[in-house]
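Student: I have not met this structure before, and I would like to go through it slowly. Could you show it to me and then take my questions in turn?

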Amino acid sequence: MARRAGASRPKCRSRRAKNIVNRGAPSIPGSGIHEMGTARIGANPKTSVLDKWNQTHDVKNLFVTDGAAFTSVGCQNPTLTMMALTTRCCERIVERGKRGEFA
């Protein structure tokens, strides 16, 4: 693998790991975090904050569609999943609004 100009030398000397190159400055703390898990989804208000539609159990018409609803985090960026949950939630809100459920 060709080394970029200014790239540092490989840090790992393992026989299995080859061509590991630091490709820039280390990330700044907080620049790539995705805070998750503070508003769990569930059917039981005693053990969860949100229902299956991302609506809070105890505050009428409050919806949470960010990573707070996730109970765990994978190694992938969760942004597309958050966008999908938000789209699903918005569709549900529009559907309920058409039925006159919001006053």
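Student: How many residues does α1 have, and what distance does α1 reach from its first C-alpha to its last?

Tutor: Keep in mind that this is a predicted model. The expected span at 1.5 Å a residue is 28 Å, and the helix comes close to that figure. From first C-alpha to last, α1 with its 20 residues reaches 29 Å.

Student: Which residues in α1 are buried?

Tutor: A useful general point is that an α-helix has 3.6 residues a turn, so residues three or four places apart point the same way. On the other side of α1 from the buried residues, Leu-80, Glu-91 and Lys-98 are exposed. The buried residues in α1 are Met-82, Leu-85, Cys-89 and Arg-96. They lie on the same side of α1, because they cover an arc of only 65° around the axis.

Student: How many helices and how many strands does the protein chain have?

Tutor: The segment before α1, where α1 runs over 79-98, includes Asn-54, and Arg-40 is found in the segment before α1 as well. Just after α1 comes Gly-100, which takes a positive phi of about 80°. For the protein chain, the count is one helix and zero strands.

Student: Which residues make up the largest nonpolar core?

Tutor: In soluble globular proteins, nonpolar side chains tend to be buried together. Here, buried residues make up 19% of the 103 residues in the protein chain. The largest nonpolar core has nine residues in all, namely Met-36, Ala-39, Leu-50, Val-64, Ala-68, Ala-69, Phe-70, Met-82 and Leu-85.

Student: If neighbours within four places in sequence are left aside, with which residues is Val-64 in contact?

Tutor: Val-64 belongs to the largest nonpolar core, and Leu-50 is another member of that core. With neighbours within four places left aside, the contacts of Val-64 are Leu-50, Asn-54 and Thr-56.

Student: Is Asn-54 buried or exposed?

Tutor: The phi of Asn-54 is near 70°, which is a positive value in a residue other than glycine. Asn-61 also has a positive phi, near 65°, but at 30% relative accessibility Asn-61 counts as partly exposed. With a relative accessible area of 0%, Asn-54 is buried.

Student: Why does the structure hold zero disulfides, given Cys-89 and Cys-90?

Tutor: A disulfide needs two cysteine sulfur atoms within 2.5 Å. Cys-89 is buried, with a relative accessible area of 3%, whereas Cys-90 is partly exposed at 40%. The closest cysteine sulfur to that of Cys-89 is in Cys-90, and the pair is too far apart for a bond because the distance is 5.8 Å.

Student: Which residues does Arg-40 touch, not counting those up to four places away in sequence?

Tutor: Arg-40 counts as partly exposed, at 45% relative accessibility. Arg-40 and Thr-56 are 16 residues apart in sequence, and their C-alpha atoms are 9.8 Å apart in space. Beyond four places in sequence, Arg-40 touches Thr-47, Ser-48, Val-49, Leu-50, Ala-68, Ala-69 and Thr-71.

Student: What share of the area that the protein chain exposes is supplied by carbon and sulfur atoms?

Tutor: The protein chain exposes about 8100 Å². Of that area, the share that carbon and sulfur atoms supply is 54%.

How values were computed: Residues numbered from 1 in each chain as written. Heavy atoms only, no water. Core = buried A, V, L, I, M, F, W, Y, C linked by side-chain atoms within 4.5 Å. Buried < 20%, exposed > 50% of the residue type's maximum accessible area, 1.4 Å probe, protein only. Contact = heavy atoms within 4.5 Å. Helix = DSSP H or I, 4+ residues; strand = E, 2+ residues; numbered from the N terminus. Areas by Shrake-Rupley, 256 points an atom, 1.4 Å probe, with all protein chains shown as cover. Expected span 1.5 Å × (residues − 1). Arc of directions from axis to C-beta.
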